[in-house]
Amino acid sequence: MEQPKGVDWTVVILTCQYKDSVQVFQRELEVRQKREQIPAGTLLLAVEDPEKRVGSGGATLNALLVAAEHLSARAGFTVVTSDVLHSAWILILHMVNELWGEALGQAPAVFCLFPPPQLGPGSPPGVWVCSTDMLLSVPVNPGEPETTWDHLPSSQPQREASSAFLCPPCLWGLVLDIYYQGTEAEIQRCVRPDGRVPLVSGVVFFSVETAERLLATHVSPPLDACTYLGLDSGARPVQLSLFFDILYCMAENVTREDFLVGRPPELGQGDADVAGYLQSARAQLWRELRDQPLSMAYVSNGSYSYMTSSATEFLHGLALPGAPGAQIVHSQVEEQQLLAAGSSVVSCLLEGPVRLGPGSVLQHCHLRGPIHIGAGCMVSGLDIAHSEALHGWELHDLVLQGHRTRLHGSPGHAFTLVGRLDSWERQGAGTYLNVPWSEFFKRTGVRAWDLWDPDTPPAECCLPSARLFPVLHPSRDLGPQDLLWMLDRQEDGGKALRAWRASWRLSWEQLQPCLDRAATLASRRDLFFRQALHKARHVLEARQDLSLRPLIWAAVREGCPGPLLATLDQVAAGAEDPGVAARALACVADVLGCMAEGRGGLRSGPAANPEWMRPFSYLECGDLAAGVEALAQERDKWLSRPALLVRAARHYEGAGQILIRQAVMSAQHFVSTEPVELPGPGQWVVAECPARVDFSGGWSDTPPLAYELGGAVLGLAVRVDGRRPIGARARRIPEPELWLAVGPRQDEMTVKIVCRCLADLRDYCQPHAPGALLKAAFICAGIVHVHSELQLNEQLLRTFGGGFELHTWSELPHGSGLGTSSILAGTALAALQRAAGRVVGTEALIHAVLHLEQVLTTGGGWQDQVGGLMPGIKVGRSRAQLPLKVEVEEVTVPEGFVQKLNDHLLLVYTGKTRLARNLLQDVLRSWYARLPAVVQNAHSLVQQTEECAEAFRQGSLPLLGQCLTSYWEQKKLMAPGCEPLAVRRMMDVLAPHVHGQSLAGAGGGGFLYLLTKEPQQKEALEAVLAKTEGLGNYSIHLVEVDTQGLSLKLLGTEASTCCPFP
């Protein structure tokens, strides 16, 4: 099921109880926005509560006022107006107990878990209010929102910790009453027909009308005291509850008298003056909000976990007990097998053997084993320097944390250690490290006066007030060992106890104001990138199909691409596999492109600037380390502006192409020739080939996919309008020169080139240079050695007694998509080799073309030459390995099916010239980025080739049509932009008449091939297209399967129709 689109918030407000948190959280919200976790247009505000005790209701009113004030100013108003609420989606997030939550490692939940998109899809403008002290799970489609109070079911409500609804037995309805710690009878009245009780979820939605009513109260005493305006005016603060003041007055069965005399549970007992002041505030709320309906949305299969002070409950929410494996989030773990099922690792870097027991949680830690953390533990905030302190310990049911502190302006590091089962309440006997205080004192030698002042009342002698935690030692840095000794006092002569007593210690309550939240978040961000860099290295070196794009974007947007670039350089320089090095260089190009921030031009472009030739030369000669170092040195000169960054990215992709070429050239291992009688001077050798049509698997044959994933392509050798359109002829000539002719068979359009010296061949590796393919063919055939000390004429005379003439032609238009250039290279090589007295087998010729195209620097895969050089219907395959080897299997079809296929197969020239080079660059970029959709599609291409082969074996045209339709969708996913609008219009017109259709090759133009429902439809489809406007210069061609493939024949000297060379 498709995930619903989340709300595009107009304003997100985070309320803070402490003013020193505001700037820290504001900055953190902006970081999330830079990461695109929050829309760029959303206004982000961290707002301090006017007073620490204004309550959730007062904090909501103040946040609503601040949002309206900012939106009013943005709209050009000089006063606050509620009109701005009519087109605003406002989210208010309350940071509840932001300091207390640190006891259990509860980082501000908003920075980990943003409200899920299914919270309010399609909701009208209004105000959503949500607490951050819970973990909320909502199904994909919970229902349609109104002015509601969302709530979730419980089969066993606990009256001491729960609020429940009394409401009609329906999914949506008015709330009759709200019970807090209700009696058994009250709870029973709330039981629904399914036996479950609706509990408060902490999520509230105010419609625009209700929000306007609530906003209006900010000018009415004493409610004005809930806002910063009232505080600045000297008003006396008032504490209001969102649920039991603001919402409770809207409940259907609540009377005015009961509402005015009631007290919200969070207020507790107080003097009569406070009660009277609150009654006045409630009376104002009753006047403004009583006529507003309070309805509820019953989310029957939702759930939530309230973050209490219980470590057990907190671990239960994070560790997912009962899960089949460990949960690993934003972490790099070297030995994942040591993580028990039901454990959780969040934002950690774990090196070596780190064992984690069931139900345990690691957060924000960089640890190096051997470390053993048993069941029921939570460890947070420890760095690698603290790992040694954990060696030799086996922790169970403990919460160990490192904290960033600031004492009198100086940064520091403190540690806390408590038991999972310890109670943080002030009532009861109390425990520490899961044992009674008396047992703890006996075990450690610690005394009560070490922890509490002598005049401390017994009721106040509890865990929150115990001075347990060292924050400063007179002579050394602190570490976990300053607390771990309490678990098992060693025979150290009391050394650990004396060191503990010599330290300046604070209680948990005293430690809270000293916690440095800015330093904490900064250290967590640093650890996130540290583990991400380790993960990036592992992903590349282990050749994993995981995308590094999210890491690249995060690093660039947060201004720290340097360490990532350095890591990628190290991976590339040290790689033994050229594929790993090429991918690392492609990632560098992605970093540079991301740094350009969408400016500086297109990513695809030339990569032959002279300034980059030195690093390229190192790569060409195989010195990878020196090449990567030289690339980095040159890169540093191109970082100043977007245009330079984009050009540098292109050259890094060019460097990657060098490594791809070297990998593909391994195919030369499978090129061999056999000597035969040398044709006489002037005797022509003519090679002719059909074109090819790809039916499935294209792109999987393209390096590096061909040797990293493994390729499989089903292709057909085809004649177009009864002709074999591609060919070459070669002969020996007396002159020690190379005569090259490129063009159609008719002489008047032929381009003629004469090479008399090696300098005339130097541009063989520049694909757009005249005759470059033919020059590369002479080099790859071993006829000419371009780097030899012998001159060209000397080489030719010594070996062959003269030179050569080579003429190539194609009767297909440029950019046809029918594999022309690769097949042409095959015919040129075959003719040249035979003219030089050698014969090369067809499979060897396939690999020879791969080698030639790398020498030519055009790149490309192997499907074209397989399709055109080999006859009939066949599947080419390459394995995920080097050296790159292509194997071909003929596909056997039922008798008579080839003729049937000929009757139903047509080619339509679209009149559009394809730009395959740019498409190729885009595909390689997406593959190296390992975009999940591209990786999955590449696997599907290979798999569908086998299904397509089976459809041919069955002789089923409808099945083949389905394969073609699916294949075209795969091509479009692989190379977005390969379907011009005119082609789409043509395909839509033809769709009712065909089983399936696809553009040939990479798409973008060229030929469209059709599998028609009826036989011999050329004239009929010409009539259909003639009635369609805007199709351009198209033409329809007959096509038939060629069962011969490459043909090679020797002609007499008089058979040439080529005019003499000058």
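The exercises below, each with a worked solution, concern a predicted model.

**Exercise 1. Find how many helices and strands the protein has, and what share of its residues is buried.**

Solution. The count of secondary structure elements gives 34 helices and 44 strands in the protein. Turning to burial, one finds that buried residues make up 57% of the 1062 residues. As for contacts between residues at least 6 apart in sequence, 70% of them join residues that are at least 24 apart.

**Exercise 2. Describe how helix H1 packs with helix H16, giving the angle, the direction and the residues that meet.**

Solution. Begin with the two elements themselves: H1 covers residues 22-34 and H16 covers residues 517-541, and they pack at an angle of about 25° with their axes 9 Å apart. Because angles under 35 degrees count as roughly parallel, H1 is roughly parallel to H16. The handedness comes next, and the crossing of H1 and H16 is right-handed. On the H1 side the residues are Val24, Phe25, Arg27, Glu28 and Val31, and these meet Arg517, Ala518, Leu521 and Arg525 in H16. Sorted by class, this contact of H1 with H16 holds five nonpolar and four charged residues, with no polar ones.

**Exercise 3. Work out which direction helix H2 takes relative to helix H4, and which residues make the contact.**

Solution. The axes of H2 (residues 55-74) and H4 (residues 208-216) come within 10 Å and cross at roughly 100°. Since angles of 65 to 115 degrees count as roughly perpendicular, H2 is roughly perpendicular to H4. From H2 the contact draws on Thr60, Leu61, Leu64, Leu65 and Ala68, while H4 supplies Ala211, Leu214 and Leu215. In the contact of H2 with H4, seven residues are nonpolar, one is polar and none is charged.

**Exercise 4. Decide whether glutamine 921 is buried or exposed, and identify its contacts beyond its sequence neighbours.**

Solution. Glutamine 921 lies in helix H30, which spans residues 916-928. Its relative accessible area is 19%, and because buried means under 20%, glutamine 921 is buried. With its neighbours within four places in sequence left aside, glutamine 921 is in contact with Ser604 and Gly605. The side chains of glutamine 921 and serine 604 are joined by a polar contact of 3.1 Å. Glutamate 653, for its part, is 268 residues from glutamine 921 in sequence, yet their C-alpha atoms are 8.7 Å apart in space.

**Exercise 5. Place aspartate 450 in the structure and find the residue whose side chain shares a polar contact with that of aspartate 450.**

Solution. Aspartate 450 is part of helix H12, residues 448-451, and with a relative accessibility of 9% this residue counts as buried. Not counting residues up to four places away in sequence, aspartate 450 touches Arg467, Trp500, Arg501 and Arg505. The side chain of arginine 501 is joined to that of aspartate 450 by a polar contact of 2.9 Å.

**Exercise 6. Locate proline 222, proline 883 and serine 347, and say what is notable in the backbone at each.**

Solution. As background, most residues other than glycine have a negative phi, and most peptide bonds are trans. The bond from proline 221 to proline 222 is cis, with omega near 0°, and proline 222 sits in the loop between H4 and helix H5 (228-232). Leucine 882 and proline 883 are likewise joined by a cis peptide bond, with proline 883 in the loop between strand E38 (873-878) and strand E39 (886-890). Serine 347, although not a glycine, has a positive phi of about 50°, and its place is in the loop between strands E15 and E16.

How values were computed
Residues numbered from 1 in each chain as written. Predicted model: local features only at pLDDT ≥ 70, side-chain atom pairs only at ≥ 80, totals over all residues. Heavy atoms only, no water. Axes fitted to C-alpha atoms, helices over the stretch in contact; angles between N-to-C directions. Helix = DSSP H or I, 4+ residues; strand = E, 2+ residues; numbered from the N terminus. Parallel < 35°, antiparallel > 145°, perpendicular 65-115°, else oblique. Left-handed = near helix turned anticlockwise from the far one by under 90°. Contact = heavy atoms within 4.5 Å. Nonpolar A, V, L, I, M, F, W, Y, C, P; charged D, E, K, R; others polar. Buried < 20%, exposed > 50% of the residue type's maximum accessible area, 1.4 Å probe, protein only. Polar contact = N/O pair within 3.5 Å; in protein donor to acceptor, adjacent residues only side chain to side chain.
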